[in-house]
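Biologist: I have a new model on my screen and I'd like to learn how to read it. Can you walk me through it, feature by feature?

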Amino acid sequence: MENPFKFVTIVEEEFFTDRVNEVAYITQFVRSANHLILISPRRFGKSSVVAKALKQSKRKHITVNLQQVTSVSDLSAKLLREFFKVHPLERVRHLITHFRVIPTLSTNPITGSMDVSFQPGVEGTVLLEDVLK
């Protein structure tokens, strides 16, 4: 018999069952200005239930897998890359002019995705501050 449960990835649609109350509760927090912290053991579906609540709220958001982040500069680039996916380049062009460190932007002509990098040796906190603004 094949295992009916899917894990190690965010679960959607047919694999996502029940949790109606939890999704409604989290959606309430997503729509408000409040913060929410979820604590539970690994593989209990925290990411999946938050992803479902975000989808239902139709609120713009970004998601960054922090397990793949190796430095502050890397975190800054990943945040900015995800931000560009949500907001068109034209809307954030003026924000880039206010950066203390100018990012290098390039596009992948095959996928159309935006890549972001910074000059090596730049202080990480400066990058992160500029990206979060």
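Modeller: Sure. Start with the order of the elements: from the N terminus the protein runs α-α-α-α-β-β-α, which comes to five helices and two strands. Keep in mind that this is a predicted model.

Biologist: What share of the 133 residues counts as buried?

Modeller: Here 27% of them count as buried. As for the outside, the protein exposes about 10300 Å², with carbon and sulfur atoms supplying 56% of that.

Biologist: And which residues have the most contacts inside the largest nonpolar core?

Modeller: A core like this is a set of buried nonpolar residues joined through their side chains. In this case the largest one has 13 residues, and Leu80, Phe84, Phe99, Val101, Val116, Phe118 and Val131 have the most contacts inside it.

Biologist: Which elements each supply at least two residues of this core?

Modeller: Helix 3 (72-86), strand 2 (114-117) and helix 5 (124-132) do. Helix 3 gives the largest share, five residues. Apart from this core lies another, of eight residues, including Phe16, Val30, Val49 and Leu54.

Biologist: Now the surface. Which residues make the nonpolar patch of about 260 Å²?

Modeller: Tyr25, Leu36 and Leu38 make that patch. Leu36 sits in the loop between helix 1 (20-31) and helix 2 (46-57).

Biologist: Why does Leu36 count as partly exposed?

Modeller: Because its relative accessibility is 32%, and partly exposed covers the range between under 20% and over 50%.

Biologist: One last thing: how much of the contact list is long-range in sequence?

Modeller: Among contacts with a separation of 6 or more, 54% are between residues 24 or more positions apart.

Note on methods
Residues are numbered from 1 along each chain as its sequence is written. This is a predicted model: local features need pLDDT of at least 70, side-chain atom pairs count only at pLDDT 80 or more; totals for chains, interfaces and linings use all residues. Side-chain values use heavy atoms; hydrogens and water are left out. A nonpolar core is a set of buried Ala, Val, Leu, Ile, Met, Phe, Trp, Tyr and Cys residues joined through side-chain atoms within 4.5 Å. Buried means under 20% relative accessible area, exposed over 50%, partly exposed in between (1.4 Å probe, protein chains only). Helices (H or I, at least four residues) and strands (E, at least two) are DSSP runs, numbered from the N terminus. Patches are made of residues with over 30% relative accessible area and no salt bridge: like charges are joined within 9 Å, nonpolar side chains (Val, Leu, Ile, Met, Phe, Trp, Tyr) within 5 Å. Accessible areas come from the Shrake-Rupley method with a 1.4 Å probe; for residues, only the protein chains shown count as cover. A salt bridge is a side-chain nitrogen of Lys or Arg within 4 Å of a carboxyl oxygen of Asp or Glu. Contact means heavy atoms within 4.5 Å.
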